[in-house]
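Please read these comments beside the model, and check each point against what you see there.

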Amino acid sequence: LRAARLQRFENAASSSTNKPTTRDTKQKEVIEIDLDGDCVTSNSLESDRALAERLHREEEMSAHRTFAENASQVDYSSVRPGVFDTMRNKRAYLQDGNDQSHSGWGMLQQLVDQGSVSGQPFAQGGVPPFKDSHEQAWSSGGWVWVKNPQYAKDPKARVDKEGNVAKMSSEWKRLVESNVKITHRHLIDLATKHNVLDGKWLLYVKAEDIETDWPKIRNAIIEGKLGSTAKISDTPDERGSHVVCIYCPNFLDKDDLLRVRRSISNDVGMYKTSVLRFKLDAVTYLNLYAKNQWKLKTTSYECGGKKDEECSTLISSWEKCTCATSDCCMRCYKPKEDSDKKDVYSIIGLKYSEATAAQGEKVTLLREPENKHDPNAVKVVNGSGQLIGHVAKDKAAILSPKIKEMQEDLQSQNLKKLVVEGIIISVSDGYQQSVQVEFKQISNETCNAEVDKAEAEVVILE
């Protein structure tokens, strides 16, 4: 009503720019009176105009708020169908501990004789799905799952969240549309950035061996020798094998990945001389499988085989091996069994850092005497010089004077320089992680050569 009133007033005002005639005046009076029979004064018209302007401003602000909200919302449509259902079911069964009905183990032969389950023909050439009668096992979505009874109490037990998977999928979609050259490193970075950390060791069990091999895996899970959970496909694939996934909650925890891999050989007694491969759940969520258009390898780690029957080394398949030229190879990870015999320090202040450091990454420790909070501060930086964090204050009070004393001794000789390097030996919890420190003495000639090389690289880049 007020908008109509304002519009009529403006029309009347525009028609009366010249000296109004008697007819114009009467028309204006009619317009002013013909609004629910009320007489409209100039003051009320001015208030209506102010109201219209205020409503217009509010409409603009509402549009801005809606845009901001839409920009911050997650594009769930980028996630392929079925992913969220699987994740919700996994969380419900693993974390909430819902009871499921179980068919008896040993029903396999009976189901074969019947030829169908619930009136539905068998898939894969008439082979029926099996079910496990154990109280810690259940069937869901073509898989038989098993979990450790202490799953809920396991501090490492976790499942990826739908929102994080959606954010990762949205960024992956934008990455694909940008036409950049996609590498496996992109997958690792996306999964790490969005905290999509679940992954699994992939095993294959032949159909004729399922009644002997699967119970070994199931019992090892229940006894806490493997990860917290595992699953096996309830029907074989086209090669006649059942796929087994033994889960690890955090692919960045390389020590845990190695522990589970060794247990598969030592406790379960499988794949003792064969290479096993580890696949990120993030890769599965992104619907990446063999023969993808980017020719990416879909597994990220591998371990074992005839050359490494002890499973001593975890191989990062996307990294280059530098064992011949470096003490710290990013491709070949070996746990520091004797880390307790060497200098190990805690890195704190990770939430204020410029970058994160993965387990096994090489870092450098530098004294920071100009630090206004602590003259004994020792900062930790990565290979690009970005700050990871600082050594805990009580340890820095011992480490910093030690570094200073060693540096002064070498400077007096004028032959060598001290470099304090470290290896990250634990996974970050968001607040702190551990670094194993090593003191190295390098000659001035080597140091100068490295500086010249760095300057040359800068020139090339420019």
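The points below go from the whole chain to one part of its sheet.

1. This is a predicted model, in which local features need pLDDT of at least 70 and side-chain atom pairs count only at pLDDT 80 or more, while totals for chains, interfaces and linings use all residues. Residues are numbered from 1 along each chain as its sequence is written, and side-chain values use heavy atoms, with hydrogens and water left out.

2. The protein chain holds 12 helices and 17 strands, where helices (H or I, at least four residues) and strands (E, at least two) are DSSP runs numbered from the N terminus. Of its 462 residues, 40% count as buried, that is, under 20% relative accessible area with a 1.4 Å probe, protein chains only.

3. Among contacts (heavy atoms within 4.5 Å) in the protein chain with a separation of 6 or more, 65% are between residues 24 or more positions apart.

4. An open sheet of 9 strands, with antiparallel pairing, follows the order β3-β4-β6-β7-β5-β8-β9-β10-β11; two strands pair if DSSP finds at least two bridges between them. Its edge strands, β3 (137-140) and β11 (332-333), each pair on one side only.

5. Within this sheet, strand β8 (residues 275-280) runs antiparallel to strand β9 (residues 301-304), and 4 bridges join them. Arginine 277 has glutamate 302 in β9 as its bridge partner, and phenylalanine 278 stands opposite tyrosine 301 in β9.

6. What does tyrosine 301 stand opposite in β10? The residue is serine 316, and β9 and strand β10 (residues 314-316), which run antiparallel, are joined by 2 bridges.

How values were computed:
Buried < 20%, exposed > 50% of the residue type's maximum accessible area, 1.4 Å probe, protein only.
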